[in-house]
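Got the structure open in your viewer? Here's a short tour of what to select, stop by stop.

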Amino acid sequence: MMNQQHLLLDIEGTTCPVSFVSDVLFPFAKKELSRYITQCWNKSPNNKTIQAARKEWKDDQSAESIKIKQQVKQGQTGEVDGLIEYLKHLISIDRKSTALKDLQGKIWENGYSNGELKSQLFPETAECLRQWHEQGLTLSVYSSGSIQAQKLLYRHSSNGDLEDLFSHWFDTHTGPKKSTESYTTIAEKLHSSPNKIWFVSDNGAECDSARLAGMHTLFSLRDGNPDRDPRDHTVVQSLREVSAHITAEQ
């Protein structure tokens with residue numbers, strides 16, 4: 001197993017256009033957030049995901065968080081409305097909140113299941129994933145989106161259900177994506193030496209951290225990706241280029 005080659009893939013900007021996440025998924029989650037949280041709260045306020053979001057709000061000592069808590073304390077707004085306002089604030093500042101990501105995943109699940117959402121991948125993604133799987137590469141995902149959201153995206157692709165092509169799924173429960181320790185943890189969970197793992201991401205800081213953990217890195221440079229600086233990482237502009245780099249290293 002130690003000789004097995006692993007491919008660890010980011011999603012946004014790597015296998016899926018940034019625009020799908022920013023222009024479709026995030027607005028859908030923001031639109032449905034109030035209704036979803038109110039329904040969950042009324043049905044079961046002790047819901048695990050709701051409780052995690054409440055704890056994050058309680059522990060957040062930022063000015064905006066304190067302001068919303070004071071509004072609740074003074075009776076200007078109810079606690080559930082306060083929580084919704086807080087979560088919308090996290091969305092507006094693009095906070096990588098694990099609790100928010102978990103909630104978004106559940107909202108997207110509803111959207112995929114009722115047909116409102118259909119995932120968009122890069123044109124070659126499905127073909128490459130199937131090819132790599134057939135070649136015996138172990139495929140894993142590491143994304144800031146929740147594992148549930150990751151699985152939904154690949155399950156509901158326009159190229160069919162791709163979920164079973166992946167062996168492992170990692171999100172920010174594993175750790176921050178710009179922390180070297182996170183990649184060390186992933187290698188341990190994959191029962192692999194880091195130098196048998198290739199990490200593909202559109203973010204230079206993530207690539208730096210993965211390489212410090214001992215992984216090989218490829219920087220995904222696509223139209224629409226916010227990070228245009230590959231630093232000194234090898235650049236790929238299509239997933240079709242990935243196989244050649246892995247083969248050359250073997």
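Start by selecting residues 48-59, helix 2 of this predicted model. With 12 residues at 1.5 Å a residue, helix 2 should span 16 Å, and its end C-alpha atoms are indeed 16 Å apart, so the two agree.

Now color the buried residues of helix 2: Thr49, Ile50, Ala53 and Trp57. They sit on the same side of the helix, because they cover an arc of only 105° around the axis. Flip to the face turned away from that buried side and you'll find the exposed residues Lys48, Lys55 and Lys58. What covers the buried residues? Show helix 1 (18-43), helix 3 (63-73), helix 4 (79-92) and helix 5 (98-113), which are among the covering parts.

Zoom in on the start of helix 2: a side-chain oxygen of Asn47 comes within 2.9 Å of the backbone nitrogen of Thr49.

Next, the rings. There are seven aromatic pairs to hunt for. Select Trp57 and Tyr86, a stacked pair at 6.0 Å centre to centre with 20° between the planes. This pair ties helix 2 to helix 4, across 29 residues of chain. Trp57 counts as buried at 5% relative accessibility, and Tyr86 does too, at 0%.

Then jump to Tyr154 and Trp169, a tilted pair: 6.3 Å between centres, 50° between planes. Here Tyr154 belongs to helix 7 and Trp169 to strand 3, 15 residues apart.

Further on, pick Tyr142, Tyr183 and Phe199, a cluster linked by ring pairs. Add Lys177, which lies over the face of Tyr142, 5.4 Å from the ring centre.

Last stop: Arg222, whose charged end sits over the ring of Phe122, 3.7 Å from its centre.

Notes: Residues numbered from 1 in each chain as written. Predicted model: local features only at pLDDT ≥ 70, side-chain atom pairs only at ≥ 80, totals over all residues. Heavy atoms only, no water. Helix = DSSP H or I, 4+ residues; strand = E, 2+ residues; numbered from the N terminus. Expected span 1.5 Å × (residues − 1). Buried < 20%, exposed > 50% of the residue type's maximum accessible area, 1.4 Å probe, protein only. Arc of directions from axis to C-beta. Contact = heavy atoms within 4.5 Å. Polar contact = N/O pair within 3.5 Å; in protein donor to acceptor, adjacent residues only side chain to side chain. Phe/Tyr/Trp six-rings, centres within 6.5 Å; stacked < 30°, edge-to-face > 60°. Lys NZ or Arg CZ within 6 Å of the ring centre and 35° of its normal.
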